[in-house]
Amino acid sequence: MEYFCYHRDRAGSAALRDELLEEHWAYMDRYGAEMIARGPTFQDGGEAPTGSVHIVDLPGPDAARAFAFDEPNHQAGVYRDVLLRRWRNLLGRTMWDFPGGREGGNRYLVLGLGSGPAADLDLPPDRDELIAYGPLLSDDGVTWLGTAVLLRAPDADAARAVLTADRYADIEVHDWQFGGRAS
């Protein structure tokens with residue numbers, strides 16, 4: 001089962017986040033084979049971290065909750081909250097398969113939170129700019145709760161436009177970059 005996990009940073013936690021970087025990476029290394037995508041979000045042009053995205057394939061909800069809440073930064077109080085949802089990988093690939101590579105261009109996390117009939121289940125036309133794309137789902141995987149997208153786009157407005165605006169209660173756009181250890 002695929003899960004989308006977004007840990008949002010607590011204000012003023014950047015120094016603690018930096019201190020725990022190796023612990024965080026060591027923890028995530030344990031999930032390397034299950035990882036679909038990962039990386040930090042930022043504000044202020046990539047200077048200030050605001051959160052950490054992980055899309056991971058795990059055996060079930062108990063494993064997903066353990067993954068999210070046992071994470072060292074979460075345990076130490078770096079994060080203020082966690083969004084954890086079932087997710088479906090509509091691209092069928094990992095971020096490492098993204099044709100655009102790890103660097104170059106502006107990358108974004110787009111989160112559309114909604115309810116009612118599902119929206120944006122068909123891939124947008126410019127699939128080559130998508131890094132990860134799929135619906136956010138209820139714990140049983142049946143009810144649509146929104147859409148999560150990682151993509152390369154010219155700017156935040158173009159990133160936001162990948163989703164059908166009137167189908168969501170809110171659409172968030174965050175600067176994002178590939179995560180993990182540099183190889």
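**Exercise 1. Determine how strand β1 pairs with strand β4, and which residue of β4 stands opposite Y6.**

Strand β1 and strand β4 (residues 79–87) run antiparallel and are joined by 7 bridges, where two strands pair if DSSP finds at least two bridges between them, and where helices (H or I, at least four residues) and strands (E, at least two) are DSSP runs, numbered from the N terminus. Within this pairing, Y6 stands opposite L83 in β4.

The model is predicted: local features need pLDDT of at least 70 and side-chain atom pairs count only at pLDDT 80 or more, while totals for chains, interfaces and linings use all residues. Residues are numbered from 1 along each chain as its sequence is written, and side-chain values use heavy atoms, with hydrogens and water left out.

**Exercise 2. Find the salt bridges of R8, and state where the partners lie in the chain.**

Step 1. R8 forms a salt bridge (a side-chain nitrogen of Lys or Arg within 4 Å of a carboxyl oxygen of Asp or Glu) with D81, the closest N and O atoms being 3.5 Å apart. This pair links distant parts of the chain, since R8 belongs to strand β1 and D81 to strand β4, 73 residues apart.

Step 2. R8 also meets E172 in a salt bridge, at 3.0 Å from N to O; here E172 lies in strand β8 (residues 170–176), 164 residues apart from R8.

Step 3. R8 is buried, with a relative accessible area of 13%, whereas D81 is partly exposed at 28% (buried means under 20% relative accessible area, exposed over 50%, partly exposed in between; 1.4 Å probe, protein chains only).

Step 4. R8, R80, D81 and E172 are linked in a network of salt bridges.
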